[in-house]
Amino acid sequence: MSPATPDVKTLKIDGIDISARSDQTVLEAAREHELSIPTLCHLDGLSDVGACRLCLVEVKGTAKLLPACVTRVEEGMDVTTKSDRLLKYRRMILELLFAERNHVCSVCVANGHCDLQGLAQAHGLTHVQFPYRYPKLPVDASHNRFVVDHNRCILCTRCVRVCDEVEGAHTWDVMGRGIESMVITDLHQPWGESDTCTSCGKCVQVCPTGALFEKGRARSAAKRPDFLPYLTMMREEKR
Amino acid sequence: MSKVRLATVWLDGCSGCHMSFLDMDERLLDLAGRIELVYSPLVDHKEYPENVDVVLVEGSISSEEDLHKIKKIRARSKILVSLGDCAVTGNVPAMRNAFSTAEVLRRVYVENVSAPSPIPDQVVPALLPRVCPVHEVVPVDVFVPGCPPSADTIFWTLTELLDGRRPDLTGRTRFGA
């Protein structure tokens with residue numbers, strides 16, 4: 001075998017030999033080879049923040065679990081994406097997300113096409129072992145087309161990133177710390193009074209849950225975040 | 001072979017899970033040959049009996065009566081199944097948890113009616129300060145999420161249990177299904 005060129009790294013994911021560009025993440029390399037790693041905060045076309053921790057993988061030689069979305073491939077890496085330990089932690093993460101706010105799937109606009117609900121089902125989550133917190137959270141319906149329901153927000157920050165990186169408006173941001181964190185519009189003004197919001201709706205399309213939705217429907221239509229990689233690609237070509 | 005003693009219980013839920021149970025249609029006849037329905041809102045038994053093999057519990061724990069009942073049910077049943085999202089997650093009944101019981105009662109009996117009536121404090125069981133899923137109060141053996149779980153899901157769960165297996169619901173139903 002010829003030695004790898006400087007740009008190419010060779011590694012093992014789930015026992016399969018893989019070559020990847022040195023600027024690729026473990027997640028990208030895995031998905032290119034149709035190895036699935038669950039994600040929630042990651043979205044093709046946006047920067048990665050490693051917020052949800054669902055994509056944690058085991059890397060031989062490291063005791064810590066590493067988030068695949070923000071871990072660059074390295075020469076000789078030996079990555080495991082599926083194990084009892086990882087499954088246990090992924091389920092725990094999902095359970096904590098359900099327990100943290102009020103995710104009432106049965107009456108949620110996103111019922112049937114929610115990433116959190118879908119991942120729970122895919123991970124065999126039949127109940128939440130942690131006590132629910134039942135926080136009292138606001139719903140802001142001041143925008144004439146969209147609503148933000150903080151009860152359903154999992155703080156993935158997809159809305160913050162798409163608004164900043166793609167729309168360039170940076171209407172969304174995060175305030176507070178820890179369990180008190182919340183996504184806000186502008187300087188925590190009602191969304192409808194935001195000076196910067198262009199009403200483009202990108203945040204709604206990328207929201208993985210029922211936290212952001214369009215007014216006028218009891219059940220929101222399936223989200224369509226697929227425009228993002230296309231937009232990003234076209235812009236890069238233009239440059 | 002003796003029949004499996006089945007009970008179904010309706011706590012704080014909308015009865016939708018029981019409707020879904022009835023929605024098994026002619027499959028109920030298959031089940032009838034294998035079970036004895038010893039307690040249910042569908043039949044007229046006043047007291048929850050001893051030695052129940054399988055109990056399907058619909059609804060969350062919302063009042064002192066629910067709490068009293070579920071403890072008795074747990075003590076007298078071998079396999080307790082949390083049936084539906086209210087039993088499994090608290091679901092819609094638990095949406096009142098962001099408010100105090102006083103606020104909730106005032107909203108229902110005073111603010112939200114054209115002819116305000118006194119807030120009942122006799123005969124009806126007192127509300128618990130917080131609605132909770134069944135497994136926060138007593139151990140649960142099988143969880144069947146769904147709002148409601150489909151008749152197919154309930155039938156499959158029951159036949160697994162009747163055949164002596166512990167059903168694995170992975171991929172068969174989900175929260176809000």
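How many residues does the contact take from chain B and from chain A? I looked this up first, keeping in mind that the model is predicted, and found that 21 residues come from chain B and 19 residues from chain A. On the side of chain B that touches chain A, I noted that helix H4 of chain B (residues 85-89) gives the largest share, with 3 residues. Sorting that side of chain B by class, I obtained 10 nonpolar, 8 polar and 3 charged residues.

I then turned to helix H4 of chain A, which covers residues 158-167. I found Arg158(A), Cys159(A), Val160(A), Arg161(A), Val162(A) and Cys163(A) to be buried in this helix. When I asked what the buried residues of H4(A) pack against, I listed strand E8 (172-175), strand E9 (182-185), helix H5 (202-206) and strand E10 (212-214), which belong to chain A. Just after H4(A), I noted that Gly168(A) takes a positive phi of about 75°.

From strand E10 of chain A I picked Glu214(A) for a separate entry. Is Glu214(A) buried, exposed or partly exposed? I recorded Glu214(A) as partly exposed, because 16 other C-beta atoms lie within 10 Å, while a buried residue would need 20 or more and an exposed one 12 or fewer. Leaving aside residues up to four places away in sequence, I found that Glu214(A) touches Arg145(A), Phe146(A), Val204(A) and Ser220(A). I also checked Glu214(A) against Ser22(A), and these two are 192 residues apart in sequence and 40 Å apart in space, taken from C-alpha to C-alpha.

Conventions. Residues numbered from 1 in each chain as written. Chains lettered and ligands numbered in written order. Predicted model: local features only at pLDDT ≥ 70, side-chain atom pairs only at ≥ 80, totals over all residues. Contact = placed C-beta atoms within 7 Å. Helix = DSSP H or I, 4+ residues; strand = E, 2+ residues; numbered from the N terminus. Nonpolar A, V, L, I, M, F, W, Y, C, P; charged D, E, K, R; others polar.
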